[in-house]
Amino acid sequence: MLRIVLIGPQGCGKGTQAKLIAEKYGIPHIATGDLLREAAEKGTPEGLEVKKYFSKGKLVPEKVIIKIIEGKILSDDCKRGFVLDGFPRNLEQAEALDDITEINFIIVIDAPDELSIKRISSRQNCSQCRRVYGIDIPPKKKGMCDTCKGKLIVREDDKPELVKKRLEVYHDETEPLMEYYKIREDVLQKVDGSKSVEEVFKQIVKIIEG
Ligand code: AMP
C-alpha cells in the first residue's frame, strides 16, 4: 500500500510529479486545489464559500478541506494507496491526516521562490482536463491542450499578486510541517525541484523503491 504525500511551494512541480507517480503505481492522484476548484465551479453554497478564500490566495477553512480529504482517502478508490498533492498544508491538517491514516512517504519538493514565480508566471492549465503547461512543458499548439484540445487558461490565483501571497502562506503555514514530520526521518525525504521533470521523477522513484 503506497500512501504518499507531496509537499512543496507553488510551482515546485508537485502536480506534475503526482500525476507521474499515480500513473506508474496505479494509485489515485488527490489534488486538493483541483477538488476545491471543481466545487467552486459547481457554484454550490459550499463552492461559493471556498471561492472566497482561494480567490484571495488564502487557505480554505479546515472543516471544509478535512471533510473532503477524509471522504476521498477512506473511499474504495484509495484501497491500494494514493498520492496527496496539496494536503496537508498546515499543522492542523497534518494532525487530522494522522488521525485518518498512516503515511509511508512524505516527499518534500524544494524550490526557491524565484523559480516558483518564474514557473507560475508562464503556467497555463487546460480548461477541460486541467493538464498543466509551462516553460518546461509547452503545448504543441499555442493555447490548446495536447491531450484533449481544450482551451488553455491562466488560473485566477496564478496572477502575480496572488502568487506572492500564496508563497507567503506556504512559508508561514506549510513549512513548519518539516519540523512536525522531522521525527519520522525514515518517512520524510527531500528532492531538488529545480531539476528537470524527468530527473525529479527519478529521485522520487528511487525513494519509493528504496
Ligand atoms: P493549489 O492548486 O494546490 O495551489 O491550491 C489552490 C488553492 O486551493 C489554495 O491557494 C487554497 O486556497 C486552496 N487549497 C488547496 N489545498 C488546500 C488545503 N489543503 N487547505 C486549504 N486550502 C487549500
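1. Disulfides. The count of disulfides in this structure comes to 0, and the reader should keep in mind that the model is a predicted one. The pair to look at is C126 and C148: the cysteine sulfur closest to that of C126 belongs to C148, but at 3.5 Å the two are too far apart for a bond, because a disulfide requires the sulfur atoms to lie within 2.5 Å.

2. Burial of the cysteines. C126 has a relative accessible area of 2% and is therefore buried. C12 likewise falls in the buried class, its relative accessibility being 3%. For both assignments the relevant limit is a relative accessible area under 20%.

3. Salt bridges with buried partners. Searching the whole structure gives 15 salt bridges, of which a few deserve a closer reading. In one of them R155 is paired with D157, with 2.9 Å between the closest N and O atoms, and both R155 and D157 are buried. In another, the side chain of R166 meets that of D158, again with an N to O distance of 2.9 Å. Here too the burial can be stated for each partner: R166 is buried because its relative accessible area is 7%, and D158 is buried because its value is 4%.

4. A salt bridge with more accessible partners, and the network. Which residue does E179 meet in a salt bridge? The partner is K182, and the N to O distance in this pair is 3.5 Å, which can be set beside the 4 Å cut-off used for salt bridges. E179 counts as exposed because its relative accessibility is 54%, whereas K182, with a relative accessible area of 49%, is partly exposed; the boundary that separates these two classes is 50%. Turning to bridges that share partners, R123, R155, D157, D158 and R166 are joined by them into one network, and this network includes the R155 and D157 pair described above as well as the R166 and D158 pair.

5. Negative surface patch. D110, E168, D172, E173 and E175 together form a negative patch on the surface. Helix α7, which spans residues 160-174, gives the most to this patch, contributing 3 residues. One of the patch members, D172, is located in helix α7, and D172 counts as exposed because its relative accessibility is 57%, the limit for that class being over 50%. Residues enter such a patch only if they have over 30% relative accessible area and no salt bridge, so the five acidic residues named here are to be read as unpaired by that rule.

Conventions: Residues are numbered from 1 along each chain as its sequence is written. This is a predicted model: local features need pLDDT of at least 70, side-chain atom pairs count only at pLDDT 80 or more; totals for chains, interfaces and linings use all residues. Side-chain values use heavy atoms; hydrogens and water are left out. Patches are made of residues with over 30% relative accessible area and no salt bridge: like charges are joined within 9 Å, nonpolar side chains (Val, Leu, Ile, Met, Phe, Trp, Tyr) within 5 Å. Accessible areas come from the Shrake-Rupley method with a 1.4 Å probe; for residues, only the protein chains shown count as cover. Lys and Arg count as positive and Asp and Glu as negative; His and the chain ends are not counted. The place of a charge is taken as NZ of Lys, CZ of Arg, CG of Asp or CD of Glu. Helices (H or I, at least four residues) and strands (E, at least two) are DSSP runs, numbered from the N terminus. Buried means under 20% relative accessible area, exposed over 50%, partly exposed in between (1.4 Å probe, protein chains only).
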